[in-house]
Protein chains: 2
Amino acid sequence: MDVIKVVLADDHALVRDGIKALLEDQNGVEVIDEASDGKEALEVIAKNKPDVLIVDIRMPEMNGIEVVKEMTEKHKEVKTLVLSMHDSEEYVVQSIQAGADGYLLKGASKDEFLKALNNVASGGKYFTGDVSEIIMNNFVNGTPVVSTPKKQEPEALPFKLTKREKQILSLVLELKNNKDIAEELQISKRTAEVHRFNLMKKLEVSNLKELTDKAKQYKLA
Amino acid sequence: MDVIKVVLADDHALVRDGIKALLEDQNGVEVIDEASDGKEALEVIAKNKPDVLIVDIRMPEMNGIEVVKEMTEKHKEVKTLVLSMHDSEEYVVQSIQAGADGYLLKGASKDEFLKALNNVASGGKYFTGDVSEIIMNNFVNGTPVVSTPKKQEPEALPFKLTKREKQILSLVLELKNNKDIAEELQISKRTAEVHRFNLMKKLEVSNLKELTDKAKQYKLA
DNA sequence: CTATATTTAAGTAAAAATACTTAGTTTTGT
DNA sequence: ACAAAACTAAGTATTTTTACTTAAATATAG
């Protein structure tokens, strides 16, 4: 990796400035943008694709864990390093469940910080030793799992699709266009269009992005 | 806990002396005995019940992991802190499976060392951040990566995209339409169209599916 | 068996995307 | 500072898609 492009998300400007100063002191690291709340973080990331998102948990609008979840689900290429004031069990557990690539406490040393950043930037993981006990207690085999083992059932569908529609849906989700779908299913392109139209109407979406999001939400696909 | 009684097990006298010096500099810690191999460690512990056993993995007679296993099985009250030169995956995995309470690399700072020691002495766990990736990969739910996380370099690109084009590409890959892309980037929809058009031409694709396939192939996105 | 649901597909008007071209403005590299 | 590259965006003709509606030909379920 050439230079690690970082986005900082923390609601305290002072904290951001501190981290920024620390990072920009290094070569090989560039803070390309900042955000002071979760929503802003999402926007900033959409525009300016960073390699790593350094994110605080406690933030207005949308907390850091939700931002991490969003990254894991929709932008897996943006690595996430959670930087928290707190080593509370829920925060750590939730961060890991959300798919964070790293977790550091704000009391971390500069060295540890840079080690963690380099690790996650290159596709690795880094969870500070300070939270290792929580990880061991909650995730590691052999020790009683305390945390929410919630594997959720596919959410009940508020709509019903016909067999053909499900078939069309799966092809649509493969990003195939109506012409190709029609060919593949040996039907008229007009028919494919109709199925697609009915599908969109049933799912109450108006474009491909919403469609795929909804499909993901209800674990179709 | 009054004073932490420690036994050191390492086949290098120099290493033992160094750690001993470091520890005895602290109050609240006392090195009550030492051992230079695994068997000796077991004997020493039987006589002189310490609170914590600080143990190296590579030792003659009986390696550190076996000693840890023995402690876990027969002397659960003696906490074990593995101090290894190596962050090899097997060592870490085996130590955890053997029931170690902590794992540190010999490159650890004095602060981290003391933190780890206090943690395990008081019934906690401490695994250095340097081995957190191994823990995550091997034990934590959701990341069942077993081996070879060798990350290959993205295939050389037979085309060059401008910054803006890459930006557009990533939004296109999120399945956003030109209108939304234009809004997000604050440019005219016509401009977004142009970028998208140039993009498709450069990548030699003619629809969204081919585009995403190509992007995946070259690990863009 | 037959009422209901599904699949098929054409028709139509409006909206959007495609496939370019041209061209002014801004950025960048030397 | 100057040329090249990149970004911007309008113009235009052609295709496609969208958003429906209507309606025939199956399927299927009670």
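Chain A and chain B meet through a contact that takes 29 residues from each of the two chains, where residues are in contact if their C-beta atoms, placed from the backbone, lie within 7 Å. On the chain A side, at least two residues each come from helix H5 (110–121), strand E6 (126–127), helix H6 (132–139) and helix H10 (208–217); helices (H or I, at least four residues) and strands (E, at least two) are DSSP runs, numbered from the N terminus. H6(A) gives the most to this side, with 5 residues. By class, the chain A side holds 11 nonpolar, 10 polar and 8 charged residues; Ala, Val, Leu, Ile, Met, Phe, Trp, Tyr, Cys and Pro count as nonpolar, Asp, Glu, Lys and Arg as charged, and the others, Gly among them, as polar.

This is a predicted model, in which local features need pLDDT of at least 70 and side-chain atom pairs count only at pLDDT 80 or more, while totals for chains, interfaces and linings use all residues. Residues are numbered from 1 along each chain as its sequence is written, and chains are lettered from A and ligands numbered from 1 in the order in which they are written.

Now let's turn to the DNA. Around strand C lie 19 residues, and Thr162(A), Arg164(A), Ile187(A), Ser188(A) and Thr191(A) come nearest; "near" asks for a C-beta atom, placed from the backbone, within 6 Å of the strand. H9(B) supplies the largest share of this surface, 5 residues.

DNA strand D is likewise surrounded by 19 residues, the closest being Thr162(B), Arg164(B), Ile187(B), Ser188(B) and Thr191(B). Here H9(A) gives the most, with 5 residues.
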